[in-house]
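Reader: Hey, got a minute to go through a structure with me? I'd like to start with how we sort residues by exposure.

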Amino acid sequence: MGEFSGIRKRAGMVVGVAIILCIAFAARLYGIGEKPPWLDEVITINRAGLPVPHLLHDSLRNRHLPGFFLIERLARELAPVRMQIAALRFTPALAGAVSAGLVFAIARQAGGRDGAWLAGLLMAFAPQQVAFSQEARSYTMMMAPLLLALAGLLALVRNPDAPPRASWPAYAAGTAVALLILPDALPWPLIASAAFLAAAIPRSRARKRLIRSWGLLNGGILILVAPAYALLLLTPHHGPMAGFRWIPAPTIHFLLTEAASLYGLRDATMVTMRLLPTHMMILAPAMAVLAILGIRHLRAARGEGLTLLIAWLGQPAALCLLSLLHPLLLPRYLLWSAPPFFILAGLGLDELVPAARLAVLPAAGLVLVLNLAPYYHAETRPRWDLAANLLAASTSPGDIILASDGAARIMLGHYDSALKPRVTRSAARARAALATGHAVYAVYGPAGQGVQPSRARFMTWAARIGRLSSPLRAGAEISIRRVGPAPDRVACSAGIVCR
């Protein structure tokens, strides 16, 4: 009877993971090639088109491990031209779906019979998780192995002296793979060690042996990944992504926006992190209540509850400390802290009486789908494709595009290579173009997430060069205004008076 019960339990786990994975994958495949790429994706597209030796060098000199870009290079080569954007986003979408399946599995192992379904659905339909899964970058590909490592860590915490056979390999493999995909995973071994010391060691009868095993395992992982990081450190750095100088200093508003988008299921723009309107304002407070209930649900398994809390809060805490030296708080770096929170929130469902669970779970699924639906047609990325079309139709050789963001050169050049040499941030070059009778267009809009002036400040600065026309809009975040010659120059060219 016990053996049959075990088989049923394993079958239920496999079926549940498969269902959540398929639901999450469908949510990520829908419209996967529709949204225009933003700066980071254009960098991926350009790098994936390089010969392998150049790809390796370009990755390393910009502080990126090259493994992800080699995968993207293969995807670009195999896909038809019209499907290249979708092909480049396919692997991150698959990794995001696998992450949702792992969230279900972790919650189920933690005792969340119904809560595992809610946790999996939260991960499947969270707008920011879907957005990063539909991006040709490696953040979800780092997150999936980290969740495998978390599953292994929780198994060790659950029974530190006699853990399941797969727990040590799961932690080791997940941690090593994540570190080889993206350096953003570097805080994880420290976070995992803090959780291990706080949650596993006190429950062990053989503490010295356990600490020695943990130290040897993590030491082996570091030795394994050391050559990749040695290459990264020894390669001279170059380019706009070579450091973190571009990251803006955090403000209270920005931090609240990050929390709302990552943990409160709010949709936000990818570059400017502006929260988009929603009719589901109840979701954020509901998530907070469920997470508190989830912690209460694990009161009999305090080690697992403490581990999930540390896994959730460890990355934000680490980045907050590092941000005292230099700003590092961006949603991409905090993305993998959301799944532990979703697991806690899902487990909160199991604190309700069975009748309430039966009513809440399908209602929650419907609400999550309705909350995600606006994302697919919302303008979540700056429309540099529209700006390029407008400028290509309006400019000619010799004309100047005066940009608020230096990376506009990369974005406009992606859509029309003829526009790239026309982009500048130099007022002197713009004045010289006007003096020789060429047109100047002031273009305000964010290309990347770096610091740039406000729209009003930039246009005031551009107005010192010449008269500004009425603005043309390329979506919600980009405006274009032609800069006319100064009045005295107009008078001179008309033959009335010259000064």
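Author: Sure. A residue is called buried under 20% relative accessible area, exposed over 50%, and partly exposed in between. Keep in mind that this is a predicted model.

Reader: Ok, so Met 273, buried or exposed?

Author: Met 273 is buried, because its relative accessibility is 5% and the cut-off for buried is under 20%.

Reader: Where does Met 273 sit, and what is its phi?

Author: Met 273 is in the loop between α12 and α13 (283-297). Its phi is near 50 degrees, a positive value in a residue other than glycine.

Reader: And what about phi of Arg 63?

Author: Phi is near 65 degrees for Arg 63, again a positive value in a residue other than glycine. Arg 63 belongs to the loop between α3 (52-61) and α4 (67-78). With a relative accessible area of 36%, Arg 63 is partly exposed.

Reader: Switching to empty space. How many cavities of 30 Å³ or more turn up?

Author: The search of the whole structure gives 1 cavity of that size. Its volume is about 50 Å³.

Reader: Which residues line the cavity?

Author: The lining consists of Met 143, Leu 146, Leu 147, Leu 150, Trp 188, Ala 311, Trp 336 and Pro 340. Helix α8 (residues 139-158) gives the largest share, 4 residues.

Reader: How does that lining divide into nonpolar, polar and charged?

Author: There are 8 nonpolar residues, no polar ones and no charged ones.

Reader: Now the outside. Which residues make the nonpolar surface patch?

Author: Leu 29, Phe 90, Leu 94 and Val 98 make a nonpolar patch of about 280 Å². Helix α5 (residues 84-109) contributes the largest share, 3 residues. Val 98 is in helix α5 and is partly exposed, at a relative accessible area of 30%.

Reader: Let's do electrostatics. How many salt bridges are there?

Author: The whole structure has 13 salt bridges. One of them joins the side chains of Glu 77 and Arg 73, at 2.8 Å from N to O.

Reader: Where do Glu 77 and Arg 73 lie?

Author: Both are in helix α4, 4 residues apart, about one turn of the helix. Glu 77 counts as exposed, with 51% relative accessibility.

Reader: Which salt bridge links distant parts of the chain?

Author: Take Glu 304 and Arg 158, whose closest N and O atoms are 3.0 Å apart. Glu 304 is in helix α14 (residues 302-322) and Arg 158 in helix α8, 146 residues apart. Glu 304 is buried at 9% relative accessible area, while Arg 158 is partly exposed at 26%.

Reader: And what does Arg 296 pair with?

Author: Arg 296 forms a salt bridge with Glu 351, and the closest N and O atoms are 2.4 Å apart. Arg 296 lies in helix α13 and Glu 351 in the loop between α16 (338-348) and α17, so the pair ties together parts 55 residues apart in sequence. Arg 296 is partly exposed, with a relative accessible area of 47%, and Glu 351 counts as partly exposed at 21%.

Reader: Which residues are joined into one network?

Author: Glu 41, Arg 89 and Arg 381 are, through salt bridges that share partners.

Reader: Last one: where is Arg 357, and is it buried or exposed?

Author: Arg 357 is in helix α17 (residues 354-372) and counts as buried, at 18% relative accessibility. The C-alpha atoms of Arg 357 and Gly 115 are separated by 8.7 Å, with their positions 242 residues apart along the chain.

Methods. Residues numbered from 1 in each chain as written. Predicted model: local features only at pLDDT ≥ 70, side-chain atom pairs only at ≥ 80, totals over all residues. Heavy atoms only, no water. 1 Å grid on protein atoms, 1.4 Å probe; cavity = no way out; pocket = protein on both sides within 12 Å on 5 of 7 lines; lining within 4 Å. Points joined across faces, edges and corners; volume = space filled by probe spheres on them. Helix = DSSP H or I, 4+ residues; strand = E, 2+ residues; numbered from the N terminus. Nonpolar A, V, L, I, M, F, W, Y, C, P; charged D, E, K, R; others polar. Patch = residues over 30% accessible without salt bridge, like charges linked within 9 Å, V, L, I, M, F, W, Y side chains within 5 Å. Areas by Shrake-Rupley, 256 points an atom, 1.4 Å probe, with all protein chains shown as cover. Salt bridge = Lys/Arg side-chain N within 4 Å of Asp/Glu carboxyl O. Buried < 20%, exposed > 50% of the residue type's maximum accessible area, 1.4 Å probe, protein only.
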